[in-house]
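Me: I have a model open and want the reasoning behind its labels. Can we take them one at a time?

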Amino acid sequence: MMSTKREEEMLRYLMTKPGWHSVQELSIFLDVSGRSVKKYYKNLSADHPVVSSKQGYKYEGTREIKEKQPELKGPKIPTTKRERIFYVLNRLLSNDAPVNVYDLAEEIFVSESNLKLDFKAAVKYAKNFDLTLK
């Protein structure tokens, strides 16, 4: 099943922040209703090791996280749009070689379409400093 942008954000949040997270906490983070959080959980739990209890929701896929973490030893995974924009800018400015959008999307646990939107925002931001990104 294809995840929505908010579901991906919720999954990434649960993966990067261990422990239990209440419906209220997730609804504030995602800027949605508690009912939407419950719907996202239902969709995510079909394909991912996300569990629920009276304490809220929790990601229990420690094995999956450990498999992804070696490539992310240094910087933390960006979780907000702003963090992703700065992460993208940092990667582009610190690499001489081109950056593959698909590899980068997998690296920071975001869809390619969302990352492309972040690239557009990064290009706009870079213009403030008379930089041109291609």
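Reply: Yes. Keep in mind that this is a predicted model. Start with helix H2, where the buried residues are Leu26, Ser27 and Leu30.

Me: What puts the buried residues on the same side of H2?

Reply: Their arc around the axis does. It spans only 100 degrees, so these residues share one side of H2. Gln24 and Ile28 are exposed on the other side.

Me: What covers the buried residues of H2?

Reply: The cover includes H1, H3 and S2. Just past the helix, Asp31 has a positive phi of about 60 degrees.

Me: Which elements each supply at least two residues of the largest nonpolar core, and how many residues does that core have?

Reply: The core has 16 residues. Met10, Leu14, Leu26, Val50 and Tyr57 have the most contacts inside it. H1, H2 (23–30), H3 (34–45) and strand S2 (56–59) each supply at least two of its residues. H1 gives the largest share, five residues.

Me: What does Leu14 touch, leaving out residues up to four places away in sequence?

Reply: Leu14 touches His21, Leu26, Val50, Tyr57, Lys58 and Tyr59. There is also a second, separate core of 14 residues, with Val101, Val110, Leu115 and Phe119 among them.

Me: Now Arg12. Why is Arg12 said to have no salt bridge?

Reply: Arg12 sits in helix H1 (residues 5–16). Its nearest side chain of opposite charge is Glu9, 5.1 Å away. A salt bridge has to be within 4 Å, so the Glu9 distance does not qualify. Arg12 is buried all the same.

Me: What makes the approach of Arg12 to the backbone oxygen of Phe109 a polar contact?

Reply: The distance from that oxygen to a polar atom of the Arg12 side chain is 2.5 Å. The cut-off is within 3.5 Å, so the pair falls inside it. Phe109 is also among the residues that Arg12 touches, along with Ile77, Pro78, Thr79, Arg84, Ile108 and Val110, not counting residues up to four places away in sequence.

Me: Why is Thr80 called partly exposed?

Reply: Thr80 has 31% relative accessibility. Buried needs under 20% and exposed needs over 50%, so Thr80 counts as partly exposed.

Me: Where is Thr80 in the chain, and how far is its C-alpha atom from that of Tyr13?

Reply: Thr80 is in the loop between helix H4 (62–68) and helix H5 (81–94). Thr80 and Tyr13 are 67 residues apart along the chain, and their C-alpha atoms are separated by 9.4 Å.

Methods:
Residues numbered from 1 in each chain as written. Predicted model: local features only at pLDDT ≥ 70, side-chain atom pairs only at ≥ 80, totals over all residues. Heavy atoms only, no water. Helix = DSSP H or I, 4+ residues; strand = E, 2+ residues; numbered from the N terminus. Buried < 20%, exposed > 50% of the residue type's maximum accessible area, 1.4 Å probe, protein only. Lys, Arg positive; Asp, Glu negative; His and termini not counted. Polar contact = N/O pair within 3.5 Å; in protein donor to acceptor, adjacent residues only side chain to side chain. Contact = heavy atoms within 4.5 Å. Core = buried A, V, L, I, M, F, W, Y, C linked by side-chain atoms within 4.5 Å. Arc of directions from axis to C-beta.
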